Amino acid sequence: MPTPLPAPALLRRLDNGPVSADLSAGLRALAKDCGLKLDPDAELAKSWCLFWVAELAPSLPLAGFCLAWAVADEIELISIGTPPQARRQGIARRLMETLIAEGKRSGARAIFLEVRSRNTAALKLYRAFGFTALEERRAYYPDGEDATLMSLNLPPATASPLQP
Ligand SMILES: CC(C)(COP(=O)(O)OP(=O)(O)OC[C@H]1O[C@@H](n2cnc3c(N)ncnc32)[C@H](O)[C@@H]1OP(=O)(O)O)[C@@H](O)C(=O)NCCC(=O)NCCS
């Protein structure tokens, strides 16, 4: 019998107030699994925070997250991650689609991000969405790795036609 395809991840937006201590602990564990640092309570306290979490099912561990900051007409993607056991199922793609849709909806001009120059998975993900490199920052990270600064311009929101 063929293996059933995993159900698509459900995305839950969290940046509308504080989260429970259990969820906060789950988010910390998720970020650690992804090899990323995250202080969810500090981030969610920022009025400019955009935050989504991905779940494959309510009973399963969290399957990904995306944190960004919306400042004036720009969005900065701070962190995106999927734990090793949930990778290559399109979860980061869904998170990126959702972030870009929110950027367009809110009238943001562009999304910016910095990524480790050797992070081929993330670079490929970002390029697939049309992000292009703006500049290389030599020895940007504490371990000496370079950073690539990337951006994606968002089209201006189209005005709805005037009613006669
Ligand atoms: C980068 C990362 C977020 C990708 O998450 P993911 O859920 O596995 O990504 P998706 O399944 O949505 O993949 C979407 C596309 O990204 C690219 N991609 C993702 N992982 C890749 C890999 N290991 N190698 C090459 N391309 C990859 C591919 O283009 C992929 O499309 P495809 O599967 O049709 O080829 C995940 O590997 C991760 O959490 N890494 C550790 C944390 C990190 O580096 N975050 C980014 C910097 S903050």
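**From a loop proline into the sheet**

Let's start at proline 84, which sits in the loop between strand 4 (74-81) and helix 3 (91-106). This is a predicted model, so keep that in mind as we go. Is proline 84 buried or exposed? With 9 other C-beta atoms within 10 Å, proline 84 is exposed, because a count of 12 or fewer puts a residue in that class. Along the chain, proline 84 and glycine 35 are 49 residues apart, yet 9.5 Å separates their C-alpha atoms.

Now for the ligand. A shell of 23 residues surrounds the ligand, and the closest are Thr82, Arg87, Ala92, Ala121 and Leu125. Strand 4, helix 3 and helix 4 (120-128) are the elements that each give two or more residues to this shell. Which element provides the largest share? That would be helix 4, with 6 residues. Sorted by class, the shell has 10 nonpolar, 9 polar and 4 charged residues.

Strand 4 is a good way into the sheet, so let's follow its pairings. On one hand there is strand 3 (residues 64-71), which pairs with strand 4 in the antiparallel sense over 7 bridges. Within this pairing, valine 71 stands opposite glutamate 74 of strand 4. The hairpin made by strand 3 and strand 4 has 2 residues between the strands, and alanine 72 takes a positive phi near 50° there.

Strand 4 also runs parallel to strand 5 (residues 110-116), and 4 bridges join the two. Here leucine 77 has leucine 113 of strand 5 as its bridge partner. To get from strand 4 to strand 5, the chain passes through helix 3, giving a β-α-β crossover that is right-handed.

Moving on from there, strand 5 is joined to strand 7 (residues 147-153) by 7 bridges, and these two strands run antiparallel. One bridge to look for pairs alanine 110 with asparagine 153 in strand 7.

Step back, and the whole sheet comes into view. Its 7 strands form an open sheet in the order 1-2-3-4-5-7-6, with mixed pairing. Which strands stand at the edges? They are strand 1 (10-13) and strand 6 (132-137); each has a single partner strand, so one side of each is left without a neighbour in the sheet. From one strand to the next, the twist averages 25°.

Technical notes. Residues are numbered from 1 along each chain as its sequence is written. This is a predicted model: local features need pLDDT of at least 70, side-chain atom pairs count only at pLDDT 80 or more; totals for chains, interfaces and linings use all residues. A residue is buried if 20 or more other C-beta atoms lie within 10 Å of its own, exposed if 12 or fewer, and partly exposed in between; C-beta atoms are placed from the backbone. A residue is near a molecule or strand if its C-beta atom, placed from the backbone, lies within 6 Å of it. Ala, Val, Leu, Ile, Met, Phe, Trp, Tyr, Cys and Pro count as nonpolar, Asp, Glu, Lys and Arg as charged, and the others, Gly among them, as polar. Two strands pair if DSSP finds at least two bridges between them. A crossover is right-handed if, with the strands pointing away from the viewer, the path from the first strand over the helix to the second runs clockwise. Axes are lines fitted to C-alpha atoms, for helices over the stretch in contact, and angles run from 0 to 180 degrees between N-to-C directions.
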